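Colleague: Please take a close look at one part of this model, the packing of its helices. I would like a connected account.

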Amino acid sequence: MYVWSVYAVAAVLALQAGFSWSGPGHQGWLTVEVLFGLAIAAQLFKVEAPNHVLFYATPIFFFAGVTLLDPFLLFLLIAVAHLAEWVKERWAGSAYLSDWYLQPFNIAMFWVASRGAQGVYLLLHGRAAAGNAWELAAIMLAAGFYVLLNHTMLGTA
């Protein structure tokens, strides 16, 4: 039931982002292309620790998307990176993604955490002038919220 509720929240947020999208906005297509390339590459190369624990560098690029991309492009960034991994693992016949619900849950989890962090960032960033202490505080508080929400959802699952 919990996994399905995360899917539902993510779907509502994705629909809202899709309906409100009006183009690449302030960031421009070069930023979008670079973030997509880096996120896909990071998702394709994982580090395996003892006990089959996997680590990815992808959340770094997802969080960069929190501060640089509009919500719809942020959703696409997360979804495309995970779908690229899914295709690679299916092609290789890997056991990492043996259960059908893992990749959709990962997409939903990172999407919900990213939107929450983006909300915190935009709320605080609106009070900041570029380059001042408020800007740094906005980024740090959004990053803390991102990690807290992501780990809470993952730990609950």
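Modeller: What follows goes through two helix contacts and then one aromatic pair. The model is a predicted one.

Start with helix H2, residues 28-44, and helix H3, residues 58-68, which pack with their axes 8 Å apart at an angle of about 160°. The two helices are therefore roughly antiparallel, and the crossing in which H2 passes H3 is left-handed. On the H2 side the contact is made by Thr31, Leu35, Leu38, Ala39, Ala42 and Gln43. H3 contributes Thr58, Phe61, Phe62, Ala64, Gly65 and Leu68. Sorted by class, the residues of this contact are eight nonpolar and four polar, with no charged ones. As background to such lists, an α-helix has 3.6 residues a turn, so residues three or four places apart point the same way.

H3 also has other neighbours. Its buried residues pack against H2, helix H4 (71-92), helix H5 (102-125) and helix H6 (133-156). H3 is largely enclosed by the rest of the structure, because eight of its 11 residues are buried. The buried residues are Thr58, Phe61, Phe62, Phe63, Ala64, Gly65, Val66 and Thr67.

Two of those neighbours, H4 and H5, also pack against each other, at an angle of about 155° and with their axes 10 Å apart. Angles over 145 degrees count as roughly antiparallel, so H4 is roughly antiparallel to H5. Their crossing is right-handed, whereas that of H2 and H3 is left-handed. From H4 the contact takes in Pro71, Leu74, Phe75, Ile78, Ala79, His82, Leu83, Glu85 and Trp86. From H5 the residues are Gln103, Asn106, Ile107, Phe110, Trp111, Ser114, Arg115 and Gln118. By class, this contact has 10 nonpolar, five polar and two charged residues.

The model has three aromatic pairs. One of them joins phenylalanine 75 and tryptophan 111, with 5.1 Å from centre to centre and 70° between the planes, an edge-to-face arrangement. This pair links distant parts of the chain, with phenylalanine 75 in H4 and tryptophan 111 in H5, 36 residues apart. Both residues are also in the list for the contact of H4 with H5. Their accessibility puts them in separate classes. Phenylalanine 75 has 22% relative accessibility and therefore counts as partly exposed. Tryptophan 111 has 0% relative accessibility and so counts as buried.

Note on methods. Residues are numbered from 1 along each chain as its sequence is written. This is a predicted model: local features need pLDDT of at least 70, side-chain atom pairs count only at pLDDT 80 or more; totals for chains, interfaces and linings use all residues. Side-chain values use heavy atoms; hydrogens and water are left out. Axes are lines fitted to C-alpha atoms, for helices over the stretch in contact, and angles run from 0 to 180 degrees between N-to-C directions. Helices (H or I, at least four residues) and strands (E, at least two) are DSSP runs, numbered from the N terminus. Angles under 35 degrees count as roughly parallel, over 145 as roughly antiparallel, 65 to 115 as roughly perpendicular and the rest as oblique. A crossing is left-handed if the near helix is turned anticlockwise from the far one by less than a right angle, and right-handed if clockwise. Contact means heavy atoms within 4.5 Å. Ala, Val, Leu, Ile, Met, Phe, Trp, Tyr, Cys and Pro count as nonpolar, Asp, Glu, Lys and Arg as charged, and the others, Gly among them, as polar. Buried means under 20% relative accessible area, exposed over 50%, partly exposed in between (1.4 Å probe, protein chains only). Rings of Phe, Tyr and Trp (its six-membered ring) pair if their centres lie within 6.5 Å; planes under 30 degrees apart count as stacked, over 60 as edge-to-face and the rest as tilted.
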